[in-house]
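Visitor: I'd like a close look at a single part of this one, please. Which residues are around ligand 3?

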Amino acid sequence: MPNTYGTLCSTKTSQAWLDIIFIIDTATSMSIRKLQQLSGELATILKDFNFNQNGDHTIRAGIIIYSSTFTTLFELNNITNFAGFEKVLISLSKYYDAHDFESNVYGALDAGYRLLQIQKSHRVPLIVLVSATYNALGFKGTSQLSKSIKGNGTNIVAINFAPENSDLAIALQNIVSPTYYYVSTQDDLDANLRYAFTQLNCICPSDYKQFRLFNPAWNNYTNFADCLSGVPGETDPLIANTICNANGGILLSLTNFQIFNFTTDIVIPYDLKGVKKFSIGLHKSDFDGQWKWWNYDGSETVMGDYPTMSNPDPNDNYGYMWNYKGLNWKLQTGNEVPLPYICQYKACDAENFCENLKFSQNN
Ligand SMILES: *[C@@H]1O[C@H](CO)[C@@H](O)[C@H](O)[C@H]1NC(C)=O
Ligand SMILES: *[C@@H]1O[C@H](CO)[C@@H](O)[C@H](O)[C@H]1NC(C)=O
Ligand SMILES: *[C@@H]1O[C@H](CO)[C@@H](O)[C@H](O)[C@H]1NC(C)=O
Ligand SMILES: *[C@@H]1O[C@H](CO)[C@@H](O)[C@H](O)[C@H]1NC(C)=O
């Protein structure tokens with residue numbers, strides 16, 4: 001299970017803090033039944049969130065419908081409680097237009113993003129695009145537009161209500177934040193969306209790298225609640241740890257290959273370009289002399305069998321990684337060797353509210 005590789009993101013929907021814009025197709029390829037399915041499924045998921053205009057751990061949502069034109073049915077600023085939003089959500093089928101064959105998805109996406117800007121809040125912005133209609137003109141430019149939306153910190157999820165249409169599938173996959181693409185017919189849609197919303201509420205401030213892993217079996221990513229930041233220069237690891245602590249973090253807990261690979265692939269080239277040695281949180285405990293890692297809560301965990309340690313000198317008290325040849329690294333120990341280091345911080349997530357964030361992007 002990937003779950004053991006890092007700190008899990010909170011999955012507590014009732015604590016989430018999101019601004020979600022639902023952009024919903026009402027043209028002919030949708031149908032009254034599909035709109036009813038969508039309303040029911042979304043209401044079932046969203047009733048577990050805490051809808052409110054105020055409060056840290058609350059969400060707001062808006063609805064834009066589109067066919068050849070687009071209309072805002074509900075704005076973020078209209079939110080008072082779930083019941084008010086639900087009322088509009090369950091009325092969606094009444095906007096179905098069997099005679100409209102067009103899809104102004106570009107206009108609707110652009111309007112959705114602008115609504116998020118105009119009615120901005122402290123919450124994490126998110127767009128959920130629902131589509132059943134493909135036409136080349138309507139999708140023209142959406143790949144580029146979505147790039148700039150995502151690049152500015154808003155993730156995009158898509159639900160395809162006509163999965164048999166391969167043009168539509170490709171167009172939507174070009175819009176979404178990598179792998180946040182769902183189809184209306186998948187039987188675990190409810191659980192997947194619920195989880196996706198809390199995963200997308202799990203973020204790092206920009207300038208930090210969020211630990212995430214690709215799951216080849218499922219073709220999706222798991223975000224972890226760990227934000228990594230490399231600091232160059234030469235600092236005594238004891239002092240480095242104090243500096244990480246001062247901001248609520250710890251020296252990197254490099255307890256498995258996955259986080260090591262992420263560190264050398266994503267953190268080193270970005271924060272510590274060319275660095276051949278860096279300090280990690282492996283240290284000889286003051287308490288009992290055992291080699292341990294730090295945890296966020298100040299407690300310690302005894303070292304496991306990763307990474308391989310070769311007979312440390314009795315005077316050694318800190319671990320560091322050494323890029324001794326090509327792409328090969330190994331664990332070394334020393335006595336407070338001043339080196340660059342990597343701090344690790346707990347991510348912002350449903351249960352861990354962060355104010356005034358500029359969010360980093362995973363895409
Ligand atoms: C939402 O708010 C706008 C602007 O305040 C208002 O004109 C509109 O009637 C509201 N819509 C709903 C559904 O409450
Ligand atoms: C952010 O949005 C602006 C305006 O739409 C766009 O020009 C810019 O490229 C976007 N930034 C990123 C990083 O995509
Ligand atoms: C990835 O796929 C698995 C299997 O369908 C699912 O359990 C998990 O929730 C998915 N992750 C995300 C972020 O959607
Ligand atoms: C290491 O990480 C990179 C990028 O995060 C990934 O592409 C690669 O598959 C990973 N390698 C292994 C062996 O897991």
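Guide: Let's get the vocabulary straight: helices (H or I, at least four residues) and strands (E, at least two) are DSSP runs, numbered from the N terminus. Counted that way, the chain has nine helices and 15 strands. This is a predicted model, where local features need pLDDT of at least 70 and side-chain atom pairs count only at pLDDT 80 or more, while totals for chains, interfaces and linings use all residues. Residues are numbered from 1 along each chain as its sequence is written, chains are lettered from A and ligands numbered from 1 in the order in which they are written, and side-chain values use heavy atoms, with hydrogens and water left out.

Now to your ligand. Around ligand 3 you'll find Tyr182, Asp188, Asn192, Tyr195, Trp218, Asn220 and Tyr221, where being around it means having a heavy atom within 4 Å. By type, that shell splits into four nonpolar residues, two polar and one charged. For that sorting, Ala, Val, Leu, Ile, Met, Phe, Trp, Tyr, Cys and Pro are nonpolar, Asp, Glu, Lys and Arg are charged, and the others, Gly among them, are polar. Two side chains are worth zooming in on. Tyr182 has a side-chain N or O atom 3.2 Å from an oxygen of ligand 3, and a polar side-chain atom of Asn220 sits 2.4 Å from an oxygen of that ligand. On its own, ligand 3 has 360 Å² of accessible area, and the protein covers 76% of it; such areas come from the Shrake-Rupley method with a 1.4 Å probe, and for residues only the protein chains shown count as cover. Helix 7 (189–200) and strand 8 (220–235) are the elements that give two or more residues to this shell.

Follow the chain back from helix 7 and you reach the loop between strand 6 (181–183) and that helix, which is where Ser184 is found. Ser184 is buried, at 9% relative accessible area; buried means under 20%, exposed over 50%, and partly exposed in between (1.4 Å probe, protein chains only). Not counting residues up to four places away in sequence, Ser184 touches Gln37, Ile159, Asn160, Phe161, Pro163 and Leu189, a touch being heavy atoms within 4.5 Å.

UniProt, in an unreviewed entry, puts "domain: VWFA" at residues 19–200. Those positions follow the numbering used here, feature names are shortened, and annotations may be inferred rather than shown by experiment. The end C-alpha atoms of the span lie 11 Å apart, and 39% of the span is helix and 20% strand. At its start, Asp19 lies in strand 1 (residues 18–25) and is buried, with a relative accessible area of 2%. The Asp19 side chain makes a polar contact with the side chain of Ser121 (2.7 Å). A polar contact is a pair of N or O atoms within 3.5 Å; within protein, one must be able to donate a hydrogen and the other to accept it, and residues adjacent in sequence count only if both atoms are side-chain atoms.

For comparison, here are two other ligands. Phe257, Asn261 and Asp265 surround ligand 4, and the protein buries 37% of the 360 Å² that ligand 4 exposes alone. Ligand 1 has Leu73, Phe74 and Asn78 around it, with 33% of its 360 Å² covered by the protein.
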